[in-house]
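Here is a short walk through one model, going from a few single residues out to the whole chain. Keep the structure open while you read.

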Amino acid sequence: DLATRGVAPWLAAELDRAWRRHGAGLAASLRAAAAHRAPALDELRTLDVPVGIAACRDDPVHPIAVARSWAAALPRTALVGTTLDALGADRESLGRAATLAWLHARLA
């Protein structure tokens, strides 16, 4: 399949499974998500709550550069990086990274 060409087998299987659940509504769902803008950095600067950010350093769809810019803008944040390979080997690794980031942010 063209949409998952070059993607790790575990991720291709996960995307295929998730996309099939959407059925005919997948394209409309993706368009709706794309229509919602992310918070502006100025908006993030106003948040005074601990924020933990986890990001995969090798994810081309969700670039870590965006996570880094969000982390730089948020007053109380921590960023923990991981990889898609780690996520493929251990599906809970991203959740642990997010929890660790939040715990670090809470102490900031």
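## S93 at the start of helix 6

Set aside the neighbours within four places in sequence, and S93 is in contact with A86 and L87. This is a predicted model, and S93 sits in helix 6, which covers residues 93–107. Is S93 buried or exposed? Its relative accessible area is 12%, and because the cut-off for buried is under 20%, S93 counts as buried.

## T77 and its company

T77 belongs to strand 2, residues 77–82. With a relative accessibility of 17%, T77 is another buried residue, since anything under 20% goes into that class.

Which residues does T77 touch, once neighbours within four places in sequence are left out? The contacts are V51, I53, A71 and A105. V51 turns up again at the polar end of things: its backbone oxygen is 2.8 Å from a polar atom of the T77 side chain. As for where these partners sit, strand 1 spans 51–56, helix 4 runs over residues 64–73, and helix 6 takes in residues 93–107.

## Helix 4 and W70

Helix 4 has I64, A67, A71 and A73 as its buried residues. The cover over them includes helix 3 (41–44), along with strand 1 and strand 2. A71 is also one of the contacts of T77, so you can look at that spot from either side, given that contact means heavy atoms within 4.5 Å.

W70 is in helix 4 too, but it's not on the buried list: its relative accessible area is 32%, which makes W70 partly exposed. What does W70 contact beyond its neighbours within four places in sequence? The answer is A38, P39, L41, L44 and I53. I53 is on the contact list of T77 as well. Take P39 from the W70 set: in sequence W70 and P39 are 31 residues apart, while their C-alpha atoms are 9.1 Å apart in space.

## A34, over in helix 2

Now for A34, which is part of helix 2, residues 26–35. A34 has 66% relative accessibility and is exposed, because the bar for that class is over 50%. Pair A34 with G6 and you get 28 residues of separation in sequence, with 23 Å between the C-alpha atoms.

## Two domains

The domain assignment splits the chain into domain 1 (1–36) and domain 2 (39–107). Between the C-alpha centres of domain 1 and domain 2 there are 22 Å.

## The chain as a whole

Zooming out, the chain has six helices and two strands, and along the sequence they follow the order α-α-α-β-α-β-α-α. Along the principal axes, the C-alpha atoms fill a box of roughly 45 × 30 × 20 Å. Take the contacts between residues at least 6 apart in sequence: 69% of them join residues at least 24 apart.

How much of the chain is buried? Of its 108 residues, 23% are. The accessible surface amounts to about 7,400 Å², and carbon and sulfur atoms account for 61% of it. On the charge side, there are 13 positive and 11 negative charges, and their mean positions are 2 Å apart.

How values were computed. Residues are numbered from 1 along each chain as its sequence is written. This is a predicted model: local features need pLDDT of at least 70, side-chain atom pairs count only at pLDDT 80 or more; totals for chains, interfaces and linings use all residues. Side-chain values use heavy atoms; hydrogens and water are left out. Helices (H or I, at least four residues) and strands (E, at least two) are DSSP runs, numbered from the N terminus. Buried means under 20% relative accessible area, exposed over 50%, partly exposed in between (1.4 Å probe, protein chains only). Accessible areas come from the Shrake-Rupley method with a 1.4 Å probe; for residues, only the protein chains shown count as cover. Lys and Arg count as positive and Asp and Glu as negative; His and the chain ends are not counted. The place of a charge is taken as NZ of Lys, CZ of Arg, CG of Asp or CD of Glu. Domain bounds come from an automatic or database domain assignment. A polar contact is a pair of N or O atoms within 3.5 Å; within protein, one must be able to donate a hydrogen and the other to accept it, and residues adjacent in sequence count only if both atoms are side-chain atoms.
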